[in-house]
Amino acid sequence: MFRGAVQLSLDAKGRLSVPAKHRDALTAGGQGEVVLTAHPHRCLILYPKAAWEPIETKLTSLSSFNPQTSGIQRMIVGQADVMHLDSAGRLLVNAVLRKFAKLDKEVMMVGQGSHFELWDLAAWDQQLESLMAADQLQIPQELEGFSL
């Protein structure tokens, strides 16, 4: 399970240093490979390769004749990048994905259980502000009765 949020910096070459405590879990079961791709919320998602494969299989099994489905396939599967962490534990975020998520220098890496989301720091702050706005904070029906 990937939990927590950490602020990272992109270096001049577009690399992020993955926190040491997550490196082994991210690369386990996939011969050291991870998958980084676009998410419709304009962030990136980072999966261990083994966890990504069933998602990719499901997405590619959907009909490409449906314009909405094929658009999602293009965004998520079409931009998926299989990569290895380098010997220093860094992940090279390609220019296309950096542009998509508007990643500049400061990046938030946010655990989502099975994967991480990568957000531009300003976009992450905006997400939190929107969520916490009094008129936006609404509990979805599937969480009714749930308590922390």
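Modeller: Accessible areas here come from the Shrake-Rupley method with a 1.4 Å probe. In this predicted model, the accessible surface of the protein comes to about 9,100 Å², and 54% of that belongs to carbon and sulfur atoms.

Biologist: Thanks! What makes the radius of gyration of the protein agree with that of a compact globule?

Modeller: A compact globule with 148 residues would have a radius of gyration near 15 Å, and the protein has 16 Å, so the two agree. Along its principal axes, the C-alpha trace spans about 45 × 40 × 30 Å.

Biologist: Which elements does the chain contain, and how many of them?

Modeller: You will find five helices and eight strands. Starting at the N terminus, their order is β-β-α-β-β-α-α-β-β-α-β-β-α. As for contacts between residues at least 6 apart in sequence, 59% join residues at least 24 apart.

Biologist: Let's look at single residues. Why is Thr37 called buried?

Modeller: Buried means under 20% relative accessible area. Thr37 has 0%, so Thr37 is buried. This residue lies in strand S3. Leaving aside neighbours within four places in sequence, its contacts include Trp52, Met75, Ile76 and Leu97.

Biologist: How do you know that Thr37 and Ala80 make a polar contact?

Modeller: The cut-off for a pair of N or O atoms is 3.5 Å. A polar atom of the Thr37 side chain lies 3.2 Å from the backbone nitrogen of Ala80, so the pair is within the limit.

Biologist: Why does Glu33 count as buried too, charged as Glu is?

Modeller: The label depends on area alone: the limit is 20%, and Glu33 has a relative accessible area of 19%, so Glu33 is buried. Glu33 belongs to strand S3, which covers residues 33–39. Its side chain is joined to that of Lys49 by a polar contact of 2.9 Å. Beyond four places in sequence, Glu33 is also in contact with residues including Leu26, Pro48, Val82 and His84.

Biologist: Which residues have a positive phi without being a glycine?

Modeller: Arg42 has a phi of about 70 degrees, and Lys102 has one of about 55 degrees. Arg42 sits in the loop between S3 and strand S4, whereas Lys102 sits in the loop between helix H4 and strand S7.

Biologist: Why is Lys102 called exposed, and Arg42 partly exposed?

Modeller: Exposed means over 50%, and partly exposed covers the range between 20% and 50%. Lys102 has a relative accessible area of 56%, so Lys102 is exposed. Arg42 has 41%, so Arg42 is partly exposed.

Biologist: What about Ser114: why does that residue count as partly exposed?

Modeller: Its relative accessibility is 38%, which puts Ser114 between the two limits, so Ser114 is partly exposed. Ser114 lies in the loop between S7 and strand S8. Its side chain makes a polar contact of 3.0 Å with the side chain of His115. Not counting residues up to four places away in sequence, Ser114 touches Phe2, Tyr47, Pro48 and Ala51.

Biologist: And how many charged side chains are there in the protein?

Modeller: There are 14 positive and 16 negative side chains, and the centres of the two sets lie 7 Å apart. To finish with burial, buried residues make up 38% of the 148 residues.

Terms used
Residues are numbered from 1 along each chain as its sequence is written. This is a predicted model: local features need pLDDT of at least 70, side-chain atom pairs count only at pLDDT 80 or more; totals for chains, interfaces and linings use all residues. Side-chain values use heavy atoms; hydrogens and water are left out. Helices (H or I, at least four residues) and strands (E, at least two) are DSSP runs, numbered from the N terminus. The radius of gyration is taken over C-alpha atoms; the globule rule is 2.2 Å times the number of residues to the power 0.38. Buried means under 20% relative accessible area, exposed over 50%, partly exposed in between (1.4 Å probe, protein chains only). Contact means heavy atoms within 4.5 Å. Lys and Arg count as positive and Asp and Glu as negative; His and the chain ends are not counted. The place of a charge is taken as NZ of Lys, CZ of Arg, CG of Asp or CD of Glu. A polar contact is a pair of N or O atoms within 3.5 Å; within protein, one must be able to donate a hydrogen and the other to accept it, and residues adjacent in sequence count only if both atoms are side-chain atoms.
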